[in-house]
Amino acid sequence: MSGVPSDRVLLVGLGKERELGESAFRKAIDTATKALRSTGATEATFYLADQALRKRDTAFKVEQAVLGIMEGMYRFDRMKSKPAAEPKRTLRKVVLHVARRGDIAAGEAAAARAMAIAEGVHLARDLGNLPGNICTPAHLASEAQALARQFGMVCDVLEEKELAKLGMGAFLAVARGSRQPPKLIVLEHRGAKKKDAPPVVLVGKGVTFDTGGISLKPAPEMDEMKFDMCGAASVLGTMKAVALMKLPLNVVGIIPATENMPGGNAVKPGDIVTTMSGKTVEILNTDAEGRLILCDALTYAERYKPAAVVDIATLTGAMVIALGHIATGLFANSDPLARELLHAGDVSWDRAWHLPLWDDYQEGLKSNFADIPNIGTRAGGSITAACFLERFAKAYPWAHLDIAGTAWKSGPDKGATGRPVALLANFLARRSA
Ligand code: BES
Ligand code: MN
Ligand code: ZN
């Protein structure tokens with residue numbers, strides 16, 4: 001081709017410039033990368049970030065381009081006996097072209113940050129995609145320990161005996177039915193200049209398989225309940241991104257990890273347990289297990305005197321009904337914290353939507369026999385679940401991200417998305433700036 005210094009040119013149609021949105025931009029990059037991959041090209045220069053999305057700055061476009069490219073490069077074939085056929089040569093180097101010389105510094109910083117985030121997303125997707133027979137609570141614990149070794153973080157794994165000593169009756173009630181021992185995984189990044197600065201604590205739901213327990217789930221799509229540890233995976237992915245970015249911030253990841261299984265020793269509907277907080281809970285449905293493991297983890301978080309606590313959980317099927325697969329549900333007891341997270345979701349294009357936690361909704365949580373039941377009214381199921389958690393999060397500013405609709409995709413492209421690692425990494429990067 002005359003006047004073009006490249007062997008090949010890939011043209012990507014983006015439609016009308018004025019109508020091009022952020023999601024289409026991201027999709028275009030992902031699709032272009034997949035097309036490039038099939039050609040066997042080893043190097044490519046992208047000019048996509050030049051003209052598009054005039055409302056967004058270079059940093060946004062470069063970050064999204066890098067995340068889109070890394071998304072297009074992602075494969076999960078480690079469980080196949082032979083990896084899928086691909087050209088021998090693969091894309092090794094990508095250059096992103098920015099419009100002005102003055103944008104280079106911002107572009108390079110954004111690219112470095114995005115590569116760290118992409119690594120975190122990659123880890124979260126891999127852990128999510130692994131089947132429940134491999135990704136057990138012990139597996140999550142060893143992944144956390146590997147991260148600690150690699151990045152000089154501090155990792156502590158609490159075993160069943162210690163959980164009993166702490167009085168984590170709700171967490172242990174969920175774990176009872178399983179042959180796999182539960183683990184409470186604690187991973188600390190100590191990056192703050194002031195060593196004892198209050199940390200941000202991330203708490204991730206780590207149910208490595210959710211059968212529902214005695215309140216057994218129906219068979220269709222039950223395989224997808226291997227993704228019920230995607231909150232935990234997002235915590236590990238975010239900790240990896242935080243370590244790679246060397247954020248000057250203290251961050252603690254806490255992961256209650258267990259299976260939820262039926263069996264002769266399993267917890268039964270009507271059973272009453274005492275949580276670490278001292279409150280008693282009547283377990284009316286053993287399938288509402290996420291809140292039972294999270295409530296004890298939230299109480300455990302108090303010992304860090306945190307600046308803020310954010311829990312991340314595939315908590316309710318109702319979330320999929322409310323917001324579909326686009327936005328993560330956000331709940332908070334602090335409006336400034338909610339605004340920070342919403343903003344981080346917008347600038348990382350990993351969006352969340354704020355839902356109410358008004359007192360009126362708490363009325364759905366009444367038990368005749370214990371302090372509180374583990375399920376509320378069916379109406380507004382995601383909100384009553386958040387209300388349950390709120391009762392255990394009084395000691396600090398707290399937010400809850402319900403990622404039931406956003407952590408994985410169903411259908412032919414079934415697989416973990418790595419959300420909301422980008423949101424969380426941006427939130428923490430902004431806090432440390
Ligand atoms: N892990 C599920 C939530 C879930 C279900 C996420 C389907 C994504 C898709 C959670 O533990 C659960 O089972 N929740 C119950 C709560 C109910 C018993 C109050 C639900 O949503 O049905
Ligand atoms: Mn469940
Ligand atoms: Zn669950």
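Start by selecting P420, which sits in the loop between β16 (415-416) and α13 (421-432). Keep in mind throughout that this is a predicted model. Now add R419 to the selection: the peptide bond that joins R419 and P420 is cis, with omega at about 0°.

**Two residues with positive phi**

Go next to E221, in the loop between β6 and α7. Phi of E221 is near 60°, a positive value in a residue other than glycine. Is E221 buried or exposed? E221 has 55% relative accessibility, and exposed means over 50%, so E221 counts as exposed.

Then select K305, in the loop between α8 and β10 (308-313). K305 is not glycine either, and its phi is positive, near 40°. K305 is exposed, with a relative accessible area of 66%.

**The manganese ion**

Select ligand 2, the manganese ion, and show the residues around it. Which protein atoms are its donors? They are D210 (OD), D287 (O), D287 (OD) and E289 (OE), at 2.1 to 2.2 Å from the ion. D287 therefore appears twice in that list, as O and as OD. Along the chain, the donors follow the spacing D-x76-D-x1-E.

Why is the arrangement around the manganese ion (ligand 2) irregular? The six donor atoms subtend angles of 71 to 169°, and this range makes the arrangement irregular. Colour by secondary structure to place two of the donor residues: D210 lies in strand β6 (residues 206-210), and E289 lies in the loop between β9 (280-283) and α8 (290-301). These parts are 79 residues apart in sequence, so the pair ties them together. D210 is buried, with a relative accessible area of 3%, and E289 is buried as well, at 1%.

**The zinc ion**

Move to ligand 3, the zinc ion. The manganese ion (ligand 2) and the zinc ion (ligand 3) are 3.2 Å apart, and D210 coordinates both. The protein donors of the zinc ion are K205 (NZ), D210 (OD), D228 (OD) and E289 (OE), lying 2.0 to 2.4 Å from the ion. Their spacing in sequence is K-x4-D-x17-D-x60-E.

Six donor atoms surround the zinc ion (ligand 3), with angles of 78 to 175°, which makes this arrangement octahedral. Select K205 and D228 to see another link between distant parts of the chain: K205 is in the loop between β5 (200-204) and β6, D228 is in the loop between β6 and α7 (230-245), and they are 23 residues apart. K205 counts as buried at 1% relative accessibility, and D228 is buried at 2%.

**The two domains**

Zoom out and colour residues 17-116 as domain 1 and residues 130-432 as domain 2. The C-alpha centres of the two domains lie 31 Å apart. At the boundary, eleven residues of domain 1 are in contact with twelve residues of domain 2. The area buried between the domains is about 1,000 Å², and carbon and sulfur atoms give 58% of it.

Which three residues supply 35% of the area that domain 1 buries against domain 2? Select R56, M79 and A116, which supply more than any other three residues.

End the tour on R56 and D346. R56 forms a salt bridge with D346, and the closest N and O atoms are 3.1 Å apart. Between domain 1 and domain 2, the count is one salt bridge.

Terms used: Residues numbered from 1 in each chain as written. Chains lettered and ligands numbered in written order. Predicted model: local features only at pLDDT ≥ 70, side-chain atom pairs only at ≥ 80, totals over all residues. Heavy atoms only, no water. Donors = N, O, S within 2.8 Å, 3.2 Å for Na, K, Ca; no water. Tetrahedral: all angles 85-135°; square planar, octahedral: opposite > 155°, others 65-115°. Helix = DSSP H or I, 4+ residues; strand = E, 2+ residues; numbered from the N terminus. Buried < 20%, exposed > 50% of the residue type's maximum accessible area, 1.4 Å probe, protein only. Domains from an automatic or database assignment. Contact = heavy atoms within 4.5 Å. Buried area = accessible area lost by both parts, 1.4 Å probe. Salt bridge = Lys/Arg side-chain N within 4 Å of Asp/Glu carboxyl O.
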